[in-house]
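Please look through the sequence and the structure shown here before reading on. The report that follows takes up the parts of one chain, and then the surroundings of a DNA strand.

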Number of protein chains: 2
Amino acid sequence: MVSSAEAGVAFPSAPRAETTTQQIKNYILLNRLHPGDMLPTETEICVALGVSRSSVREAMRRLAALDIVEVRHGHGTFVGQLSLAPLVEGLVFRGILSPGDDLAALREVVDVRVALDTAMAESLASSLVGTSNPDLDTLVEEMEQKSAHGQPFLEADREFHSALASRLGNRLIQQLVTAFWEVHTAVYPQLGLAPARELDETARAHRSILRAAEAGDVIGLREAITAHYAPLRRALDGAKGAGDGSGRH
Amino acid sequence: MVSSAEAGVAFPSAPRAETTTQQIKNYILLNRLHPGDMLPTETEICVALGVSRSSVREAMRRLAALDIVEVRHGHGTFVGQLSLAPLVEGLVFRGILSPGDDLAALREVVDVRVALDTAMAESLASSLVGTSNPDLDTLVEEMEQKSAHGQPFLEADREFHSALASRLGNRLIQQLVTAFWEVHTAVYPQLGLAPARELDETARAHRSILRAAEAGDVIGLREAITAHYAPLRRALDGAKGAGDGSGRH
DNA sequence: AAATATTTGTACGTATGTATA
DNA sequence: CTATACATACGTACAAATATT
């Protein structure tokens with residue numbers, strides 16, 4: 001057995017890589033490092049913690065997966081951005097894996113999007129009332145133009161929702177809105193449904209959302225949000241009995 | 001179904017451990033494995049993918065961090081539960097790390113809790129109207145009793161919010177509610193604030209929430225939710241200028 | 001522009017702890 | 001209790017990417 005006097009490893013039942021993970025997190029907290037700050041090299045951490053490099057590397061992988069650290073090959077290790085990317089990856093995987101009828105997971109994601117948008121409505125209306133927002137206007141115009149030519153406008157859509165959420169001054173909610181947007185758009189095309197054809201309807205819904213918010217019309221804003229997700233809801237409900245098509249795939 | 005260049009020759013610029021991660025995910029998807037299903041052993045994966053043990057292990061660590069796989073020492077590797085634990089860990093870390101005034105991150109978390117609860121209000125009221133819910137009643141009584149004796153009721157609080165969210169039939173929202181509850185309760189005591197003293201007020205708020213929901217009173221439910229978070233909001237606002245003096249960069 | 005030092009990425013061998021039959 | 005299968009951990013060597021001189 002390992003000499004228990006070594007490096008304060010009290011509980012041999014706790015895996016090395018796990019305790020190493022916690023120690024690295026503690027290092028970041030104790031030294032009050034910010035995202036982007038550099039961490040010691042792997043070899044330095046090895047000698048500091050008295051563990052092998054494999055354990056440090058596995059701990060780093062774990063932390064990198066959570067965006068707590070960011071590793072750059074040949075350069076070094078840094079404090080991560082603490083984004084919601086891990087949430088997105090997990091939910092996308094769940095959405096694609098989702099057994100039986102694949103649509104249940106996606107429908108849940110859409111419901112969360114609706115819930116977040118609806119929850120935003122009130123403070124959004126009071127934030128935007130009486131203002132003009134050229135950036136959002138430009139995005140809506142881009143959507144309308146592209147929809148008129150039958151072209152998709154994924155990036156503008158993303159920008160619109162993100163910019164709208166940014167008005168709340170709560171970065172976490174903005175990140176959540178963006179995260180679920182990403183999950184949604186990543187999962188949807190995997191399910192083999194027909195791509196949304198009601199582009200103009202969606203574009204108009206964005207226009208309505210912006211107009212209602214700028215008018216401070218909470219009721220109208222809620223209705224516009226509902227209308228915004230209507231085409232998607234129809235697509236999901238319409239494909240309800242389509243099964244999983246196990247013969248294909 | 002999977003992005004094209006994965007099964008075959010990988011890009012030389014893509015790190016081994018990263019492509020290995022994707023390949024393991026693909027294996028789960030292609031074989032339609034469910035949470036709890038067993039995966040091949042590490043050595044089998046090594047020979048199947050033609051990579052070394054280290055790469056497989058680092059890939060497994062990454063996937064385990066996201067709860068996509070679960071490794072049991074001496075037993076094997078299994079498909080994970082795809083929970084929101086990664087989100088919780090990341091947000092807790094961010095909440096504790098949060099620079100400058102530590103309360104900003106926690107306040108954002110609380111705002112998200114309010115947003116989720118508020119978004120739930122409408123469908124919750126229509127789900128619970130006219131029903132009686134002995135499980136929720138029991139939990140509220142437990143809170144009232146404990147608060148009368150000055151005792152905290154953390155577990156009952158957790159159960160209440162989780163059980164309430166379960167009524168929506170959307171497991172993702174329920175998981176989100178629980179996840180942000182966990183972040184909240186994990187971060188709060190780390191900030192050195194006085195523990196919440198208004199226990200009776202919080203207990204009463206839960207009673208009001210349940211009563212309003214069972215009465216189908218959406219307005220009253222929203223008010224009860226606001227009241228529920230009022231003590232916490234006061235604590236956060238009261239400690240506004242209590243920075244730690246470390247300064248921002 | 002090119003060599004070089006630093007740092008992470010990958011591979012392999014070996015020994016050990018852990019769970020199951 | 002023994003045996004087997006598996007994950008965990010360590011150490012070393014080398015490859016690849018990056019920055020600096």
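## Two domains in chain A

In this predicted model, the centres of domain 1 of chain A and domain 2 of chain A, taken over C-alpha atoms, are separated by 38 Å. According to the domain assignment of chain A, domain 1 covers residues 4–79, while domain 2 covers residues 85–244.

## The surroundings of DNA strand C

There are 21 residues around DNA strand C, and those that come nearest are A:Arg53 and A:Arg57 from one chain, with B:Arg16, B:Ser52 and B:Ser55 from the other. Of the atoms of DNA strand C that come within 4 Å of the protein, 69% belong to sugar and phosphate.

When the residues of this surface near DNA strand C are divided by character, four are nonpolar, 11 are polar and six are charged.

## Polar contacts and the elements behind them

Which parts of DNA strand C do polar side-chain atoms of the protein approach? For A:Arg53, a polar side-chain atom lies 2.9 Å from a base nitrogen of the strand, and for B:Ser54 the distance from such an atom to a base nitrogen is 3.1 Å. B:Ser55, by contrast, has a polar side-chain atom 2.6 Å from a phosphate oxygen of DNA strand C.

Two or more residues each are given to the surface near DNA strand C by α3 (53–65), β1 (69–72) and β2 (76–79) of chain A, and by α1 (16–30) and α3 (53–65) of chain B. The largest share of that surface, three residues, comes from α3(A).

Technical notes:
Residues numbered from 1 in each chain as written. Chains lettered and ligands numbered in written order. Predicted model: local features only at pLDDT ≥ 70, side-chain atom pairs only at ≥ 80, totals over all residues. Heavy atoms only, no water. Domains from an automatic or database assignment. Near = heavy atom within 4 Å. Polar contact = N/O pair within 3.5 Å; in protein donor to acceptor, adjacent residues only side chain to side chain. Helix = DSSP H or I, 4+ residues; strand = E, 2+ residues; numbered from the N terminus. Nonpolar A, V, L, I, M, F, W, Y, C, P; charged D, E, K, R; others polar.
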